[in-house]
Amino acid sequence: MTDALADKLKHLPTGPGVYQHKDADGTTLYVGKAKNLRARVRSYFQNKQPREARITALVAKVVDVEVIVTDTEAEALILENNLIKEIRPRYNVLLKDDKTYP
């Protein structure tokens, strides 16, 4: 993890929103949502527990994180869904999120 990324992780907002993990070229690798952006995004960079190989590979490539703060969790859910469809990030399995939309 770069110093710039480490500094960015310290100053993330604590509200709901959407985050994008980006590589050195600025390509979005993964899109996710969170109730608490700071806690969720920082959890990727902690070595507390074993994780899937794809998550380990993703984290190794991340050099930047972009966040979009929303007013509610529902807005974050809709925004995440739209961004996944638009950007089609490599690490979003099956190019969709894991929620069912009514």
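User: Which side chain does Thr-28 make a polar contact with, and at what distance?
Analyst: The side chain of Gln-20, at 2.9 Å. Keep in mind that this is a predicted model.

User: Where does Thr-28 sit in the fold?
Analyst: Thr-28 is part of strand S2, which covers residues 28-34.

User: And is Thr-28 buried or exposed?
Analyst: Buried: its relative accessibility is 10%, and the cut-off for buried is under 20%.

User: What else does Thr-28 touch, skipping the neighbours within four places in sequence?
Analyst: Besides Gln-20, Thr-28 is in contact with His-21 and Lys-22, and also with Ile-87, Pro-89 and Arg-90.

User: What about Thr-27, where is that one?
Analyst: Thr-27 is in the loop that links strand S1 (17-22) to S2.

User: How accessible is Thr-27?
Analyst: Thr-27 has a relative accessible area of 43%, so it counts as partly exposed. Leaving out residues up to four places away in sequence, Thr-27 touches His-21 and Lys-22. Those two residues are also among the contacts of Thr-28.

User: How far is Thr-27 from Lys-85 in space?
Analyst: Their C-alpha atoms are 15 Å apart, with the two positions 58 residues apart in sequence numbering.

User: Switching to Arg-88, what's odd about its backbone?
Analyst: Arg-88 has a positive phi, about 55°, and it isn't a glycine. For background, most residues other than glycine have a negative phi.

User: Which segment is Arg-88 in, and is it buried or exposed?
Analyst: Arg-88 comes in the segment after helix H4, which is 73-87. With a relative accessibility of 52%, Arg-88 counts as exposed, the cut-off there being over 50%.

User: OK, Asn-92 next. Where is it, and how accessible is it?
Analyst: Asn-92 is also in the segment after H4. Unlike Arg-88, which is exposed, Asn-92 is buried, with a relative accessible area of 4%.

User: Which backbone nitrogen does the Asn-92 side chain lie 3.0 Å from?
Analyst: That of Val-31: a polar atom of the Asn-92 side chain is 3.0 Å from the backbone nitrogen there.

User: What contacts does Asn-92 have beyond four places in sequence?
Analyst: Val-31 again, plus Leu-29, Tyr-30 and Ile-84.

User: And how far is Asn-92 from Asp-7?
Analyst: The C-alpha atoms of the two are separated by 25 Å, and the residues are 85 apart along the chain.

User: Zooming out, how many helices and strands are there, and in what pattern?
Analyst: The protein chain has 4 helices and 3 strands. Reading along the sequence gives α-β-β-α-α-β-α.

User: Why do you call the chain as compact as a globular protein of its length?
Analyst: Because its radius of gyration is 13 Å, close to the 13 Å that the globule rule gives for 102 residues. Along its principal axes, the C-alpha trace spans about 40 × 30 × 25 Å.

User: What share of the residues is buried?
Analyst: Of the 102 residues, 35% count as buried. Thr-28 and Asn-92 are both buried.

User: What fraction of the contacts joins residues at least 24 apart?
Analyst: Among contacts between residues at least 6 apart in sequence, 60% do.

User: What about the surface, how much is exposed and what share comes from carbon and sulfur?
Analyst: The chain exposes about 6,400 Å², and carbon and sulfur atoms supply 51% of that.

User: Last one: how far apart are the mean positions of the positive and negative charges?
Analyst: They are 6 Å apart, with 17 positive and 14 negative charges in the protein chain.

Note on methods
Residues are numbered from 1 along each chain as its sequence is written. This is a predicted model: local features need pLDDT of at least 70, side-chain atom pairs count only at pLDDT 80 or more; totals for chains, interfaces and linings use all residues. Side-chain values use heavy atoms; hydrogens and water are left out. Helices (H or I, at least four residues) and strands (E, at least two) are DSSP runs, numbered from the N terminus. The radius of gyration is taken over C-alpha atoms; the globule rule is 2.2 Å times the number of residues to the power 0.38. Buried means under 20% relative accessible area, exposed over 50%, partly exposed in between (1.4 Å probe, protein chains only). Contact means heavy atoms within 4.5 Å. Accessible areas come from the Shrake-Rupley method with a 1.4 Å probe; for residues, only the protein chains shown count as cover. Lys and Arg count as positive and Asp and Glu as negative; His and the chain ends are not counted. The place of a charge is taken as NZ of Lys, CZ of Arg, CG of Asp or CD of Glu. A polar contact is a pair of N or O atoms within 3.5 Å; within protein, one must be able to donate a hydrogen and the other to accept it, and residues adjacent in sequence count only if both atoms are side-chain atoms.
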